[in-house]
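Here are my notes on the structure you asked about. Keep the 3D view open while you read, and click on each residue as it comes up.

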Amino acid sequence: CVKEPLKVMISGAPASGKGTQCELIVQKFGLVHISTGDLLRAEVSSGTEIGNKAKEFMNSGSLVPDEIVIAMVAARLSREDAKKNGWLLDGFPRTFAQAQSLDKLNVKPDIFLLLDVPDEILIERCVGRRLDPVTGKIYHIKSYPPESDEVKARLVMRPDDTEEKVKARLQIYKQNSEAIISAYSDVMIKIDANRPKEMVFDETHTLLSQINLNRMIKTDKA
Ligand code: AP5
């Protein structure tokens, strides 16, 4: 039977664990991970025109203008691998205008995962977050420390992960979240993400597997 590729959106406040869950989802389901944060950070570090425009917004914790991000995502979604293997959209849409742009392109997810974590936990997660520039893996100095001294020595902190900037990012998230959630309420599932990452993944894994299973049953019946 022909299996339709999965289309997944993952949303939640800064440091709710989107990137961490995406690593696990990609390993299991082979979806194309499209993270606007990662794409923008790559543009900044390569010093492209987009990167130069985005840098100041990102470093201050504010949103990059819609037109820049929308064009970037539309280009990435139209590539063959995303069409063939399915996609996992992380950190987009983040504004109502971004959600509308996807609607115009007729891009709709099968499921919208909303990671729910109390505010006071988010700050601690951001401040302790470290990234491995070689593998792209996400760590936390206390909860998820690196596996070796070699990795530990090369970990970096994001410039927008200070307490002050996290608070600004959280406020912006709250201003936009209701409009986004209401755009996807028919496929939205809220997940308690204030649990160990493996437990959160157990739930996401079950949800995504269920969509695949339902499709197989439908295809078999057809
Ligand atoms: P982006 O990179 O998307 O940042 P964010 O949404 O603030 O999310 P984070 O990456 O901070 O967190 P996360 O949820 O992925 O958590 P993680 O898994 O790393 O965007 C950055 C910037 O780019 C924006 O501020 C904006 O300027 C710009 N931008 C991006 N998209 C845009 C858009 N659409 N429009 C306009 N501008 C845009 O986990 C965090 C920490 O917690 C880690 O240390 C991790 O180890 C730990 N952790 C994870 N899960 C758990 C768990 N279950 N228990 C304990 N610890 C955990």
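The points below go from the whole model down to single residues.

1. First, a word on what you're looking at: this is a predicted model. The mean pLDDT of the protein chain is 95, and 99% of its residues get to 70 or more. For the model as a whole, ipTM is 0.97 and pTM is 0.95.

2. Now zoom out. The protein chain is built from 10 helices and seven strands. Its C-alpha atoms fit in a box of roughly 55 × 40 × 30 Å along the principal axes. Is that what you'd expect for a compact globule? Let's put it another way: what radius of gyration does the protein chain have? It has 17 Å, and this agrees with a compact globule because one of 222 residues would come out near 17 Å.

3. Next, how the chain packs. Buried residues are 30% of the 222 in the protein chain. Take the contacts with a separation of 6 or more: 75% of them link residues 24 or more positions apart.

4. Have a look at the largest nonpolar core, which has 38 residues. The members that touch the most others are V8, M9, I10, L88, L89 and L113. Try clicking on I10: setting aside residues up to four places away in sequence, I10 touches K18, Q21, C22, L88, D90, L113 and L115. So two of the core names above, L88 and L113, turn up again around I10.

5. On to the ligand. Which residues come nearest to it? Of the 35 around the ligand, they are P14, G17, G19, G37 and G91. Several elements give two or more residues to this shell: helix 1 (18–29), helix 2 (36–46), helix 3 (49–60), strand 6 (138–140) and helix 10 (197–221). By class, the shell holds 15 nonpolar, 13 polar and seven charged residues.

6. R130 deserves a click too. You'll find R130 in strand 5 (residues 129–131). Is R130 buried or exposed? R130 is buried, because 20 other C-beta atoms lie within 10 Å, and 20 is just enough to meet the cut-off of 20 or more. Apart from neighbours within four places in sequence, R130 is in contact with Y139, I141, L155, V156 and M157. Compared with I10, R130 sits 120 residues away in sequence and 21 Å away in space, C-alpha to C-alpha.

7. Before the last points, some backbone background: most residues other than glycine have a negative phi, and most peptide bonds are trans. Here, the peptide bond from F92 to P93 is cis, with omega near 0°. P93 is in the loop between strand 3 (87–90) and helix 6 (96–104).

8. Two residues other than glycine have a positive phi worth checking: A15, near 70°, and N106, about 60°. A15 belongs to the loop between strand 1 (7–12) and helix 1, while N106 belongs to the loop between helix 6 and strand 4 (111–116). Which is buried and which is exposed? A15 counts as buried because it has 26 C-beta neighbours inside 10 Å. N106 is exposed, since there are 6 other C-beta atoms within 10 Å of it.

Key. Residues are numbered from 1 along each chain as its sequence is written. This is a predicted model: local features need pLDDT of at least 70, side-chain atom pairs count only at pLDDT 80 or more; totals for chains, interfaces and linings use all residues. pLDDT is the predictor's confidence in each residue, from 0 to 100. A residue is near a molecule or strand if its C-beta atom, placed from the backbone, lies within 6 Å of it. Helices (H or I, at least four residues) and strands (E, at least two) are DSSP runs, numbered from the N terminus. Ala, Val, Leu, Ile, Met, Phe, Trp, Tyr, Cys and Pro count as nonpolar, Asp, Glu, Lys and Arg as charged, and the others, Gly among them, as polar. A nonpolar core is a set of buried Ala, Val, Leu, Ile, Met, Phe, Trp, Tyr and Cys residues joined through C-beta atoms within 7 Å. A residue is buried if 20 or more other C-beta atoms lie within 10 Å of its own, exposed if 12 or fewer, and partly exposed in between; C-beta atoms are placed from the backbone. Two residues are in contact if their C-beta atoms, placed from the backbone, lie within 7 Å. The radius of gyration is taken over C-alpha atoms; the globule rule is 2.2 Å times the number of residues to the power 0.38.
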